[in-house]
Amino acid sequence: MDSASLPVTLDTSTEYDLSGLLPAGSRILLGHSGAEPTGLVKLLDRQASRLALDSTFVGLSFTQTLSGPSAAHLHLRALGGAGTNRRFARMGMLDIVPCQYSLVPEMITSGRIGFDAALLQVSPAAAGAFNLGIVTDYLATAASVAPRILVEVNDQMPRTFGDTEITADRVHTVLHTSRPLIEQPPSLPSDIDRAIGAHVARLVPDGATLQIGLGSIPEAVLASLAGKRDLGIHSGVIGDGVVSLIEAGAVTGRRKERDQGVVVTGSLLGTRRLYSWADMNAAVRLRSSTYTHSAAILAGFETLVTINSAIEVDLTGQINAEVAAGEHIGVLGGHTDFVRAGARSLKGRSIVALPSAARAGKTTRIVAQLSRGVVSTSRGDADTIVTEYGIAELKGLSLRERARALIAIAHPDFRSDLEKAAESLV
């Protein structure tokens, strides 16, 4: 690389004016989750009112680096209101783009999700390439097509294998930092979560390939699987619980039809324990969502068990994973991608696990009608629903049979009303 093509280097000790890098009317995309480039985002936050950006595409965030006042100038767009994006949704400052995760890369390459600059966090360059580290998902595609890339180089970001490289000649601007990664410690399961986890564990055979997310129910499920053998992992995101299963000998990946012996995911979100395990570990690969969420790839697993959550399920099996009480608190994400894949797996299944009630038992999550009519996954894709009261296997059941099965696992306080609602089911 000659001196004329060397990237611009920003100094953390000075307030660099971003207007020369992000001119008026620019559309930007931010790295997200544990790989949010918080140093660059802090600069963006402080200068938002004078940058005159057209739009800012934000992924899942667990920080409050972006403030409410700056959000008004950044014209935020997102796939949903999960994490700390919820506050912007509540303020009416978040423009939701409903999209299955498998389709996001195509929407980026086609320009439907358009941007002029990507702001990403990476590990230091080696052999002429930076490394995306703990998040690839749609960021790998974004990095391959971005007209301009600004990177925050963090020497504490792990180097990982997979779709993780950005060649140095693609990078326009570099900000060097050294800080611990954003951590999301495992959620502590409740008694209800543990009951759900025990039910789910009964449905997972030895040798299955698993997709599972994050949260207290997934943590309870993973803990319940410690006695299984030769499980494999192919997931959109994983946390510390997967490392625990590997150490327990439950996850080996020996029976996976592809990526044998390898954990495949699009994102890591957990604690330093998870990040240290992944650093230069060839037994885990960070792949683009064109791979992790691909229907063709997922169809190659004979025993794929997908385990996802929901906000509510109606009596016909329709699933809402996005909106509660009119507020965006979730994201469509990979929900439909994985529910469909699990339901179609020859020896696998799709499991949607949720508590039977919410708000300290005041509201039911098995409902007659979904909140605001939001359907994240259709009843035609529904397979197995689990609450602390048991398992409802919906595949092949009529609407009335589904209603009876779901009422049987609803909270007892709401079953009478649900039975009355089921009488007029169409």
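The paragraphs below follow two buried residues and two nonpolar cores through a predicted model.

A first point of entry is Pro-37, which sits in the loop that runs between strand β2 (27-30) and helix α1 (38-51). Although it belongs to a loop, Pro-37 has a relative accessible area of 0% and is therefore buried, since the cut-off for that term is under 20%. Once neighbours within four places in sequence are set aside, the contacts of Pro-37 are with Gly-31, Leu-119, Leu-120, Gln-121, Glu-152 and Arg-179. Ala-248, by contrast, lies 211 residues from Pro-37 along the chain, and the C-alpha atoms of these two residues are 34 Å apart.

His-234 belongs to strand β13, which covers residues 232-235, and this histidine is likewise buried, because its relative accessibility is 0%. Its side chain comes to 3.0 Å from the backbone oxygen of Thr-292, and Thr-292 also appears among the residues that His-234 touches beyond four places in sequence, together with Thr-209, Leu-210, Gln-211, Val-264, Tyr-291, Ile-297, Leu-298 and Phe-301.

In soluble globular proteins, nonpolar side chains tend to be buried together. In this model the largest nonpolar core holds 67 residues, of which Leu-29, Tyr-138, Ile-166 and Val-200 touch the most other members. For Ile-166, the contacts outside its neighbours within four places in sequence are Leu-120, Val-122, Ala-129, Phe-130, Leu-132, Ala-143, Ile-149 and Val-171. Apart from this largest core lies another one, made up of 25 residues that include Leu-43, Leu-44, Leu-150 and Leu-175. Leu-120 links two parts of this account, being a contact of Pro-37 as well as of Ile-166.

Technical notes
Residues are numbered from 1 along each chain as its sequence is written. This is a predicted model: local features need pLDDT of at least 70, side-chain atom pairs count only at pLDDT 80 or more; totals for chains, interfaces and linings use all residues. Side-chain values use heavy atoms; hydrogens and water are left out. Helices (H or I, at least four residues) and strands (E, at least two) are DSSP runs, numbered from the N terminus. Buried means under 20% relative accessible area, exposed over 50%, partly exposed in between (1.4 Å probe, protein chains only). Contact means heavy atoms within 4.5 Å. A polar contact is a pair of N or O atoms within 3.5 Å; within protein, one must be able to donate a hydrogen and the other to accept it, and residues adjacent in sequence count only if both atoms are side-chain atoms. A nonpolar core is a set of buried Ala, Val, Leu, Ile, Met, Phe, Trp, Tyr and Cys residues joined through side-chain atoms within 4.5 Å.
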